[in-house]
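Reader: I have not looked at this one before, and I would like to go through it slowly. Could you put it up so that I can ask about it as we go?

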Amino acid sequence: MTNHPVAEVPDRLFADDEAEERWRARFHAARLSLPSWARDAPDRNVYVSNVSGVWEVYAWDRVTDTHRQVTDRPNGTLHAEVAPDGEHIWWFADTDGDEFGGWVREPFAGLPSDGKPVPAVAGTKDGYPAGVEIGREVAVVGVADDDGTTIFLARGGADAAVIYRDEHDGGVSALSYDERLVAIAHSEHGDNRHPALRVLSVADGSTVAEKWDGKGKGLDGIAFCPVAGDPRLLVSHERRGREELLIWDVEADTEQELTIDLPGEVTAAWFTDGTALLVAHTHEARDSLHRYDIATGELSTLDTPKGTIGSASPRPDGTVEYSWSSAAEPTVVRALFTDGTERVLLAAPGDTAPHSVKLDDVFVETENGRVHALVSRPQNAPDGPLPTVFSLHGGPHAADEDRFSAYRALWLDAGFAVVHVNYRGSTGYGSAWRDAIEGRPGLTELADVAAVHAWAVESGLADPARCVVNGASWGGYLSLLALGTQPDLWAAGVAGVPVADYLAAYEDEMEPLRAFDRALFGGSPEELHDRYVECSPITYVDQVRVPVLVVAGENDPRCPIRQIDNYLDRLAEREVPYEVYRYDAGHGSLVVAETIKQSLIEVYFALKALKLR
């Protein structure tokens, strides 16, 4: 491997102390997720928070209003569940962010001073998480590895037995309230982007029901009705070209499609009595909440502010708890009561993050459809074109939203306009838009980015000589691909944890992502070698002619390090300035100080490349 130039880490970004303190305060401000609660002990809750400086799991006893930090690991912990009786907390233990590991458990009240968590279910194996459901007597654990998908079932603390094994990608979806039925998602038809559903009997593992809507139409098993003996499963489908809802009685094999007259897409959760659904609606990068009465079909809108709902959950008394933010206002966890009043449910300790700038909508018409972009200008920015960062989201099954981002706010504070592009491949705009990248990923999205770039220049927002392309994960992949295929558009590029050499990435990545790639491209590299080459950034590395920064995780199972080194070695053969920052974790960092460091490196690099420093 070539000794690549290491990215410069400045002591600070701004000469002004107040400006420096403000951007750092946004990252340091404690944040927390929406708490999830034990089914039979709803006052026992778990959530994740960065209050310690690392994202870790916390327990909250609402009766005593006491909080306990459950995990304390160098690279953080993000996945946790609480058992129905509230007596134990399960959390997923990987190694240094590599996402490979197993579920462990410990008492809700905490371990003795010399105690350690124990395996949550004996008889399983380590792997990548593929869903977990914890019942009173039954536990179902999904594991993904190079052999495909294995689903284990354990009763009453006994060793687990395999109830499902297949070479294709799949996972655990839902366990019925009475623990008689378990729903799994699978892609035995060869397309994990559009999964099918199967319901198994917990008693003997036999198939109770099957549902597949055919090629290009996925199903997601959300949850069984939370009433004992009720075999209805809430399902997300896309039969009419967008995400909608149906209720499937898996024993009678009948279904009720729900007609919800809202634009955009919807998902939902059950109210605990099984008579209504809490519907989360997404349209043009913003969310709203609604109550849907199953018997009458009546839809009522809940009073929530304009912005993005991170997650939402109904409590047994009908209270709706949700996390919310907007581009201008930081995340808050709120409770909306049945009488229409609301309050902050849970506030993180310390100072609130300083506010930022709102996002405006832009719609750019192209021959391939209307592209939605979200745009911010720095406060007190001078008139005229500005240096502009085109920040491309990861996924690609994701979308940029009107939500708070300390990272975006830093670019704005540094004087950049920020443009987010919900390119083809993004979710929230219908199935056809999401699936339009199939067969030619990367290059398809970049056509939309180029159209928004043209709008930004023509509108006077962006200085065409000072445009930066930036993103992480799939956004990092698009950034490297853009630098090689659209060299005239960009003055610099910043790629975090990217796919850089698609053939090598496919060889080294986790199996669920190999399955995703096969579905995305239409086959494996052995079957479609030229297509993978056409869509790979390393193919175009000789066309790159502007400064490049690459940020990479040493233990990344999604965008592995070897394929990034391949790209950097090719870049090193040329006279293009570039820098590299490597960190000892996986696909991103859960450590606040590390996130601050990476953000500082990225913005400082862009300022240098544009000769603004």
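Reader: Let me start with one residue: is Tyr 532 buried or exposed?
Author: Tyr 532 counts as buried, because its relative accessibility is 0%. Here buried means under 20% relative accessible area, exposed means over 50%, and partly exposed lies in between, with a 1.4 Å probe and protein chains only. Before going on, please keep in mind that this is a predicted model, in which local features need pLDDT of at least 70 and side-chain atom pairs count only at pLDDT 80 or more, while totals for chains, interfaces and linings use all residues. Residues are numbered from 1 along each chain as its sequence is written, and side-chain values use heavy atoms, with hydrogens and water left out.

Reader: And which ring does Tyr 532 pair with?
Author: The partner is Tyr 506: the ring centres are 6.1 Å apart and the planes stand at 75°, so this pair is edge-to-face. Rings of Phe, Tyr and Trp (its six-membered ring) pair if their centres lie within 6.5 Å, and planes under 30 degrees apart count as stacked, over 60 as edge-to-face and the rest as tilted. The pair links distant parts of the chain, since Tyr 506 belongs to helix 6 (residues 502–508) and Tyr 532 to helix 8 (residues 529–534), 26 residues apart. Tyr 506 also counts as buried, at 10% relative accessibility.

Reader: Which cluster do ring pairs build there?
Author: Ring pairs link Trp 474, Tyr 477, Tyr 502, Tyr 506, Phe 521 and Tyr 532 into a cluster.

Reader: How many aromatic pairs does the structure hold?
Author: The structure holds 14 aromatic pairs. One of them joins Trp 23 and Phe 27, whose ring centres are 5.8 Å apart with planes at 85°, so that pair is edge-to-face. Both residues lie in helix 1 (residues 17–28), four residues apart, which is about one turn of the helix. Trp 23 is buried, with a relative accessible area of 0%, and Phe 27 is buried as well, with 5%.

Reader: Stepping back, how many helices and strands are in the chain?
Author: The protein chain has 10 helices and 36 strands. Both are DSSP runs numbered from the N terminus, with helices (H or I) of at least four residues and strands (E) of at least two.

Reader: What about overall size, say the radius of gyration?
Author: The protein chain has a radius of gyration of 24 Å, and a compact globule with 613 residues would have one near 25 Å, which agrees. That radius is taken over C-alpha atoms, and the globule rule is 2.2 Å times the number of residues to the power 0.38. Along the principal axes, the C-alpha atoms fill a box of roughly 65 × 55 × 55 Å. Of the 613 residues, 57% count as buried.

Reader: Now helix 2: why is it called largely enclosed?
Author: Six of the eight residues of helix 2 (residues 406–413) are buried, so the rest of the structure largely encloses this helix. Those buried residues are Ala 406, Arg 408, Ala 409, Leu 410, Trp 411 and Leu 412. Their cover includes helix 1, strand 30 (369–376), strand 31 (386–392), strand 32 (417–422), strand 33 (462–472) and helix 10 (592–609). Just after helix 2, Gly 415 takes a positive phi of about 100°.

Reader: Another spot, then: where is Arg 334, and what does it touch?
Author: Arg 334 is found in strand 27 (residues 332–336) and is buried, with a relative accessible area of 18%. Leaving aside neighbours within four places in sequence, Arg 334 is in contact (heavy atoms within 4.5 Å) with Val 320, Glu 321, Tyr 322, Glu 342, Arg 343, Val 344 and Leu 345.

Reader: And in strand 20, is Gln 256 buried or partly exposed?
Author: Gln 256 is partly exposed, with a relative accessible area of 32%, and its place is in strand 20 (residues 254–258). Apart from neighbours within four places in sequence, Gln 256 is in contact with Leu 246, Ile 247 and Ile 294. Glu 255 is also found in strand 20, and at 34% relative accessibility Glu 255 counts as partly exposed. Beyond its neighbours within four places in sequence, Glu 255 is in contact with Lys 211, Arg 239, Leu 246, Ile 247 and Trp 248.
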